[in-house]
Amino acid sequence: MSIFGNSIFGNRAPGVGAGTQHGSAQEAADSEAAVQKSDAQWREELTPEEYHVLRQAGTERPYTGEYWDTHTEGVYQCRACGAELFTSKEKFDSHCGWPSFWAPLTEGKVRYIHDRTLGMDRIEVRCAACDSHLGHVFEGEGYGTPTDQRYCINSVSLRLVAKEAAGDGPQG
């Protein structure tokens, strides 16, 4: 199913077809972030680049982030709140300059906003736990992934917890 309209999760992405950037009041209430901090708290906890991307929906330059070409096994967490969002199993080489995934870890880990900024019509991807900007999702680009989608995510929005570091190494 399509994220543009009916999503792969069986419901509409927030804002799609609703005529507004953020969708209906009910969608906004349903997607309230669990982690809520003041702007001052976010500025104190995040680096200027992290703040710009995560809280102001900025974008890092392509081919500059630490994970765009990483093949380490593990789980990718939200850098702002630590929520587990993606795994290396869904990561693929799209050669676009940002980490690319064909699906989030599980349903409900991310939320979607119809983004019409910069004269484009896109679907923004945000952390469902803290409402931080992660990147965008695109589909129909011909990558041959199971979902035909590319979650184009900023490296600075993520923190990789390597499989070995998570205690999932060989038993001995």
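Let me start with the side chains of strand β5. V110, Y112 and H114 point one way from the strand, and R111, I113 and D115 point the other way. In a regular strand the side chains alternate between the two faces of the sheet. Keep in mind that this is a predicted model.

Are these residues on β5 buried or exposed? Both sets are buried. Strand β5 covers residues 110-115, and six of its six residues are buried, so the strand is largely enclosed by the rest of the structure.

Next, the partner of β5. This is strand β6, residues 122-127, and the two pair in the antiparallel sense over six bridges. One bridge to look at is the one from D115, whose partner in β6 is R122. The hairpin of β5 and β6 has six residues between the strands, and L118 there takes a positive phi near 55 degrees.

Now the aromatic rings. How many aromatic pairs does a search of the whole structure find? The search finds seven. One of them is Y76 with F101, an edge-to-face pair at 5.1 Å centre to centre, with 75 degrees between the planes. This pair links distant parts of the chain: Y76 sits in strand β1, residues 74-78, and F101 in strand β4, residues 100-101, 25 residues apart. Y76 and F101 are both buried.

Which residues make up the aromatic cluster with Y76 and F101? Y67, F86, Y112 and Y151 join them in one cluster. Y112 brings us back to β5, where its side chain points the same way as V110 and H114.

One last contact, with a charge and a ring. K37 lies over the face of W42, at 4.9 Å from the ring centre.

Methods
Residues are numbered from 1 along each chain as its sequence is written. This is a predicted model: local features need pLDDT of at least 70, side-chain atom pairs count only at pLDDT 80 or more; totals for chains, interfaces and linings use all residues. Side-chain values use heavy atoms; hydrogens and water are left out. Buried means under 20% relative accessible area, exposed over 50%, partly exposed in between (1.4 Å probe, protein chains only). Helices (H or I, at least four residues) and strands (E, at least two) are DSSP runs, numbered from the N terminus. Two strands pair if DSSP finds at least two bridges between them. Rings of Phe, Tyr and Trp (its six-membered ring) pair if their centres lie within 6.5 Å; planes under 30 degrees apart count as stacked, over 60 as edge-to-face and the rest as tilted. A charge sits over a ring if NZ of Lys or CZ of Arg is within 6 Å of the ring centre and within 35 degrees of the ring normal.
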